[in-house]
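Here is a set of short exercises to work through with the model open in your viewer. Try each task before you read its solution.

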Amino acid sequence: MKSLDRRKFLAATAAAAGSALASGQKAEAREVDARQFDRTIAVIYDATRCIGCRTCVAACRKKNNLPPDEHEFEGVKFDVPEELSANNWTVLQVYREDPKEAALEGREPKWSFLKRNCMHCNVPACASVCPVAALYKTEEGPVLYDETRCIGCRYCMLACPFQVPRYEWLDWKPRVRKCDWNRACVKACPVGALVEGPRKEMIEEAHRRIEAEPDRYVPHVYGEHEAGGTSYLILAGVEHEKLDLPPLPPTVRSSISDPIMEALPGWIVGLGLALGAAYKLTHGEEKPDGEGHPGASSRENSKASEDEA
Amino acid sequence: MNGKRPKVPVIRLAFSVLVVVGFALAIYRLIWGLGAATNLTDAFPWGLWIGFDVLCGVALAAGGFVLAGTVHVFGLKKFEPFVRPAIVTAFLGYVLAIIGIMLDIGRPWAIWHPLVMWQPRSVMFEVAWCVVLYTTVLFLEFLPIVFERFGWEKPLQLMKRLMIIFIFAGIILSTMHQSSLGSLFVMMGHRLHPIWYTPLLPLLFLISAVAVGIAMVIFEAMLSGLIFGHRHPAQLLGDLSKGLPPILGVYIGLKLMDLSARGVWPLLFTNTLEAWAFWIEFLLGAVLPGTLLLRADVRNNRMKLFGCSIMVVMGVVLNRLNVALIGMLATSPTGYLPSWMEILVSAGIVAGGLLVLSVMNQTLPIVEHGPSARRLQQRAAPHA
């Protein structure tokens, strides 16, 4: 008898420990282990090597068959993509420090290019908010879009912390548009400002460059940890914040809404029980003449109908 | 009540014109795209149709589950006369919200996708399912009215026996849906102004929806009373309004807790659009009506009660517009003001809803029906 009890006790303890362990793992799961993305394809964009030639933009247009973003200057049209749009999947921005600020420190104003495009997050917010999984992370790394699933709710556009997804506003059959990671830009870059490889190696390479030339870079690999990590890694000579790259915590974006969704079953059960209890308590022993207090309301009632007549 | 009848056809005509105009503009939007009809941009992807038609439409439809729960679950049977109008309004509100969604989403023909292409981590997925399921439940709760109108006794009895299941399902789905509309915005910390951005959004949306559900029922009973003649004793409406101060009290308390916990008080005392919008929403929409309704003379005076119900309704409408539109302005380089087409489409949808409601009020046994109509007559009898 005793041993049986003991066995039961042990089994119960094991079960409890097991579930505790499982829930512990669950909590950890929100802190995504970046190692699982080590072999996804990543790209380093080194702003200090970039010469702003926009060959990458032209290559992107050609590969994806996107029309130029025409702007007219004194009668001549140029392709001047200013910001990301349905047709601009990548743009080259430029930042120049306020000369007065630099003069105060007795140096030339710093400046930098920035090639913007989809960051291809390890755990993308766009994919986590999409109700139909039209946006999804592939095993190789790219975050892709399937227009045959999309309903056009545009939640992805609002949830992306980098504000990357853009829309075809003037189309009766609109699509969400963004970089699809075909890396035409990487192949086209004439100065090696863009290099691609497995994410782990790219991160190591980025840190090697910073270590080798600490004066050339700000000591931060943007995208290594931001929002749970991205496949697009940015090295720059000026602070990333100044380049309009949002400072983001290393937590995965969906960790904000995941707990809400995971709490739902509990809510359904709890509210169901509460309603059931209330119903039982108020309807269990219903009196046949349970008519409240007819005196007061009937007086009001007849009065009201007279008033309005 | 006869003296006021001639007004009705004129209003109906005006509403019909709005519906026709809205319909034409909706066709225009479907052919030429969202960008042609709306002022939406990549930097401001959700506008009036989400902020007003969907968020406000669903919130104002909360009376359905609140009244059904009050009467049929919590057993406050004296409010039974309000259940049917509330359910009809809720059903219409949801149908209108669905029309709004259909026009707002880029690919309305794919609206059924979330039902088969699952992504259960998405709040929008929950929203989609709740809309579908709760509209179905509301339709089932609405059916007995039609059965009663045509005197179909057998289906009526069957529905009555099943009704409590629909009511339970309706309440659970409603709480999920009302809160999930708030949950949508917890992923937008980088866009939404800190006055409104809080992880408590789902809870705040739910509680304010319960308040506005009650306010809407009172507002409607008063409005239809003004137009068609009063059918409810002022005391009964006053008693219903007793629910508002405690609910608004909890709401106000949560708001204060949230603002303190996140340390955003300094932002509320700046001369900004957001601060003003917040104070109007908070003071006029929640604090003032919540306080006034503590007084019996306010509750039992038709016009004062009407005024308070309007304040609560406007407060919640402004809250939803603050979260969806005004709170999003600061982070958007393009800004946003709804286009005249967006406004007219929204107006057309509302007008269509009111039109259908007024026709149903006259043709279906909504306000006075079966047992409760008889009871009202019995109560009135001794004094008549």
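A salt bridge here is a side-chain nitrogen of Lys or Arg within 4 Å of a carboxyl oxygen of Asp or Glu. By that rule the structure, which is a predicted model, holds 25 salt bridges over all chains.

**Exercise 1. Confidence in chain B**

Task: Find which helix of chain B has the lowest mean pLDDT and which has the highest, and decide how to read the weak stretch.

Solution:
- Step 1. Start with the whole chain: chain B averages a pLDDT of 92, and 94% of its residues score at least 70.
- Step 2. Go through the elements. Helix H17 (residues 370-380) of chain B has the lowest mean pLDDT, 45, while helix H11 (residues 244-261) of chain B has the highest, 98.
- Step 3. Look around H17. Over residues 370-384 of chain B the pLDDT stays under 50, and the model has 18 contacts beyond four places in sequence for this stretch.
- Step 4. Draw the lesson: where pLDDT is low, the predicted coordinates should not be read in detail.

**Exercise 2. The fold of chain B**

Task: Work out how many helices and strands chain B has, and how much of the chain is buried.

Solution:
- Step 1. Count the elements: there are 17 helices and zero strands in chain B.
- Step 2. Turn to accessibility. Of its 384 residues, 60% count as buried.
- Step 3. Check the range of the contacts. Taking those in chain B between residues at least 6 apart in sequence, 79% join residues at least 24 apart.

**Exercise 3. Two residues of one helix**

Task: Compare B:Leu133 with B:Glu126: which is buried and which is partly exposed?

Solution:
- Step 1. Place them. B:Leu133 is in helix H7 (residues 123-150) of chain B, and B:Glu126 is found in H7 of chain B as well.
- Step 2. Apply the cut-off for buried, which is under 20% relative accessible area. B:Glu126 has 7%, so B:Glu126 is buried. B:Leu133 has 36%, so B:Leu133 is partly exposed.
- Step 3. See what B:Glu126 touches. Leaving out residues up to four places away in sequence, its contacts are A:Met261, A:Leu264, B:Met176 and B:Ser180.
- Step 4. Add the distances. The C-alpha atoms of B:Glu126 and B:His177 are 7.5 Å apart, with their positions 51 residues apart along the chain. For B:Leu133 and B:Ala169, 36 residues apart along the chain, the separation is 9.0 Å.

**Exercise 4. Where the chains meet**

Task: Describe the interface of chain B and chain A by its area and its residues.

Solution:
- Step 1. Take the extent: 68 residues of chain B and 66 residues of chain A make the contact. The buried area is about 5900 Å², and carbon and sulfur atoms give 61% of that area.
- Step 2. Ask who gives most. On the side of chain B, B:Arg107, B:Arg121 and B:Met187 lose the most area to chain A, together 14% of what that side buries.
- Step 3. Turn to the polar part. Between the two chains, 29 residue pairs are in polar contact (both at pLDDT 80 or more). Helix H8 (residues 153-183) of chain B gives the most to its side, with seven residues.
- Step 4. Sort by class: the side of chain B that touches chain A has 40 nonpolar, 16 polar and twelve charged residues.

**Exercise 5. Following A:Glu147**

Task: Find which arginines form salt bridges with A:Glu147, across the interface and within chain A.

Solution:
- Step 1. Search across the interface, where the rule finds three salt bridges. In one of them A:Glu147 pairs with B:Arg107, the closest N and O atoms being 3.5 Å apart.
- Step 2. Search within chain A. A:Arg175 and A:Glu147 meet in a salt bridge, at 3.7 Å from N to O. A:Arg175 is in the loop between strand S8 (166-167) and strand S9 (176-177), and A:Glu147 in the loop between strand S7 (143-145) and helix H5 (155-159), so the pair ties together parts that are 28 residues apart in sequence.
- Step 3. Follow A:Arg175 onward: A:Arg175 also forms a salt bridge with A:Glu168, at 2.9 Å from N to O.
- Step 4. Finish with accessibility. A:Glu147 is partly exposed at 31%, A:Arg175 is partly exposed at 23%, and A:Glu168 is buried at 13%.

Methods
Residues numbered from 1 in each chain as written. Chains lettered and ligands numbered in written order. Heavy atoms only, no water. Contact = heavy atoms within 4.5 Å. Buried area = accessible area lost by both parts, 1.4 Å probe. Polar contact = N/O pair within 3.5 Å; in protein donor to acceptor, adjacent residues only side chain to side chain. Helix = DSSP H or I, 4+ residues; strand = E, 2+ residues; numbered from the N terminus. Nonpolar A, V, L, I, M, F, W, Y, C, P; charged D, E, K, R; others polar. pLDDT = per-residue confidence, 0-100. Buried < 20%, exposed > 50% of the residue type's maximum accessible area, 1.4 Å probe, protein only.
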